[in-house]
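Biologist: I should like to learn how to read the features of a structure that is new to me. Would you kindly guide me through this one?

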Amino acid sequence: MSNDNDTKRPSHIAYQVREGEENKSYFNRIGSVWPHKDGEGYNIQLDAVPVDGRITIRSVQDRIQEAKDTPRGGDRRDERRSETNRSGREDRQPRDNAPRYER
């Protein structure tokens, strides 16, 4: 069975939404959604099925815009990146006084 949707990008993404601490929601991508050619339905391809059975479908553009509008406050990785422009082992602090070996 050949499907033209295999080569096209999906119009929507399927997510499992997990509620976290401090009213934060974590979106885990579990699949993709393509519209039918006649516009009357959708094909859904899931890579996983959530245990709670709840699946959220969002348009690709909605999710991109939401990510741009929402600042990622409290992310320690971003704070560390902004403190220094260097990358690699030079900016790491040793955890103990053991010798370090480079590859």
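Modeller: The turns below go from the overall layout to an aromatic pair and then to a surface patch. Please bear in mind that this is a predicted model.

Biologist: Which elements does the protein contain, and in what order do they run from the N terminus on?

Modeller: The secondary structure comprises 2 helices and 4 strands. Read from the N terminus, the order is β-β-β-β-α-α.

Biologist: What share of the residues is buried?

Modeller: A residue counts as buried when its relative accessible area is under 20%. Of the 103 residues in the protein, 15% are buried. The protein exposes about 9,500 Å², and carbon and sulfur atoms supply 44% of that area.

Biologist: How many aromatic pairs are there, and how should one be read?

Modeller: Two rings pair if their centres lie within 6.5 Å, and planes over 60 degrees apart count as edge-to-face. The count here is 1 aromatic pair. Y15 and F27 form it, edge-to-face, at 5.4 Å centre to centre with 80° between the planes. Because Y15 lies in strand β1 and F27 in strand β2, the pair ties together parts that are 12 residues apart in sequence. Y15 is buried, at 9% relative accessibility, whereas F27 is partly exposed, at 24%.

Biologist: Which residues form the nonpolar patch on the surface?

Modeller: Residues of such a patch have over 30% relative accessible area. Y42, I44, L46, V49, I55 and I57 form the patch, and together they have about 550 Å² of accessible area. Strand β3, residues 42-46, gives the most to this patch, with 3 residues. L46 is located in strand β3 and is partly exposed, with a relative accessible area of 35%.

Definitions and conventions
Residues numbered from 1 in each chain as written. Predicted model: local features only at pLDDT ≥ 70, side-chain atom pairs only at ≥ 80, totals over all residues. Heavy atoms only, no water. Patch = residues over 30% accessible without salt bridge, like charges linked within 9 Å, V, L, I, M, F, W, Y side chains within 5 Å. Areas by Shrake-Rupley, 256 points an atom, 1.4 Å probe, with all protein chains shown as cover. Salt bridge = Lys/Arg side-chain N within 4 Å of Asp/Glu carboxyl O. Buried < 20%, exposed > 50% of the residue type's maximum accessible area, 1.4 Å probe, protein only. Phe/Tyr/Trp six-rings, centres within 6.5 Å; stacked < 30°, edge-to-face > 60°.
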